[in-house]
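Please work through the exercises below with the sequence and the coordinates at hand. Each task is followed by a solution in steps.

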Amino acid sequence: MQKDQAKQLLRHVSLRQLQIFDAIARLGSFTRASKALYITQPTVSMQIKKLENCVGLPLFEQIGKQTYLTEAGKIIRRHTQHVLDALANMEMEIADMQGLKTGHLRLAVVTTAKYFAPRALGKFCELYPGVDVSLKVTNRERLLQRLEDNADDLYIIGHPPESKDVIFEPYLANPLVVLAPRDHPLAGQSNIQPKQLAQYPFIMREQGSGTRMATEDFFEKQKIELNIRMELGSNEAIKHAIDAGLGLSVLSRHTLSLEGVQGPLSVLDVKGFPLSWQWHIGHNKGKHLSVIAETFLNFIKTESDSIMRN
Ligand code: PGA
């Protein structure tokens, strides 16, 4: 970008335009952005037009009903996020000085983490009532896409990506167990051999699920071919299907957190299980964490065990 053009941007671009631009990029539509910011859609369109005039290039393109960032839009988005993060931090540091913790925490977790993440968030919000939180629950594959898009502050996942551009730390055990209905012939038996499971129909999570990855990994290493009867995209649906006698499945023990051992499902004592995975929490390496995100990160690393025990 030419020096003169940079000056032109500084002189004419407003923070409000950047905020509107960021909301459209994040929410994928002008309408959703106008609702999120409580302004009319013509205002949104007008501000974006002005921003595009300053930049000298279109920032969005409309294909069907979807709004996509152009190449110029992607560049503006990357830098806009730094500006908005810096402003949010400025606000929070000042609030901290005044003894308050206010602001927004954006957390994205894999579906299986929804069984404990809300509990941790509940405790955190008790400590910091001024913080508002958005929690996105999605499967591993989609969460990795959000991480790449830098859509949230922090991410909770079972198996972090191997990329050098991210920082993830283990912070809580995630035991994966084999579940069966209570009246299943294997329920109550001890030291079941993994190959015995191949005699029964099996229910698998959808492609892209971390639980599925771990399950496939285990049985492939054991050279056992499972008799997969169905694939379901939700832990809850799988629990109902097991209860209905449609098959066995491997899920995180955390999926039983509400019903505990009183529920209709039984955890089988299979050799090699529970698979001991860990929950990881992290973010992109280049991400400048807000004070709130930093505070939540420390909170979850130190408090998760006790939150899960209570
Ligand atoms: P899932 O993820 O909910 O996509 O199965 C769990 C995990 O990442 O281990």
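The exercises proceed from global descriptors to aromatic pairs and then to salt bridges.

The structure is a predicted model, in which local features need pLDDT of at least 70, side-chain atom pairs count only at pLDDT 80 or more, and totals for chains, interfaces and linings use all residues. Residues are numbered from 1 along each chain as its sequence is written, and side-chain values use heavy atoms, with hydrogens and water left out.

**Exercise 1. Global descriptors**

Task: Describe the secondary structure, extent, burial and surface of the protein.

Solution:
- Step 1. Helices (H or I, at least four residues) and strands (E, at least two) are taken as DSSP runs numbered from the N terminus. The protein has 10 helices and 11 strands.
- Step 2. Along the principal axes, the C-alpha atoms fill a box of roughly 75 × 50 × 35 Å.
- Step 3. Buried means under 20% relative accessible area, exposed over 50%, and partly exposed in between, with a 1.4 Å probe and protein chains only. On this basis, 46% of the 310 residues count as buried.
- Step 4. With contact defined as heavy atoms within 4.5 Å, residues 24 or more positions apart account for 75% of the contacts with a separation of 6 or more.
- Step 5. By the Shrake-Rupley method with a 1.4 Å probe, the protein exposes about 16600 Å², of which carbon and sulfur atoms supply 53%.

**Exercise 2. Aromatic pairs**

Task: Classify the ring pairs Phe 116 with Trp 279 and Phe 124 with Phe 296, and place them in the chain.

Solution:
- Step 1. Rings of Phe, Tyr and Trp (its six-membered ring) pair if their centres lie within 6.5 Å; planes under 30 degrees apart count as stacked, over 60 as edge-to-face and the rest as tilted. The whole structure holds 11 aromatic pairs.
- Step 2. Phe 116 and Trp 279 are 5.2 Å apart centre to centre with 55° between the planes, a tilted pair. Phe 116 is in the loop between β3 (103–110) and α6 (117–127), whereas Trp 279 is in strand β11 (residues 275–284), 163 residues apart. Both Phe 116 and Trp 279 are buried.
- Step 3. Phe 124 and Phe 296 are edge-to-face, at 5.0 Å centre to centre and 85° between the planes. Because Phe 124 lies in helix α6 and Phe 296 in helix α10 (residues 291–309), this pair ties together parts 172 residues apart in sequence. Phe 124 is buried at 1% relative accessibility, and Phe 296 is buried at 0%.
- Step 4. Phe 124 and Phe 296 belong to one aromatic cluster with Tyr 128 and Phe 299.

**Exercise 3. Salt bridges**

Task: Which side chains meet in salt bridges, and how is each partner covered?

Solution:
- Step 1. A salt bridge is a side-chain nitrogen of Lys or Arg within 4 Å of a carboxyl oxygen of Asp or Glu. The search of the whole structure finds 13 salt bridges.
- Step 2. Arg 146 and Asp 152 meet at 2.8 Å, N to O. Arg 146 is partly exposed at 24% relative accessibility, while Asp 152 is buried at 3%.
- Step 3. Arg 205 and Glu 206 also form a salt bridge (2.8 Å, N to O), and both are buried.
- Step 4. For Lys 239 and Glu 236, the closest N and O atoms are 3.0 Å apart. These residues are three apart in helix α9 (residues 235–243), so about one helical turn separates them. Lys 239 is buried at 7% relative accessible area, and Glu 236 is partly exposed at 29%.
- Step 5. Salt bridges also link Asp 85, Arg 106, Asp 153 and Lys 287 in a network.
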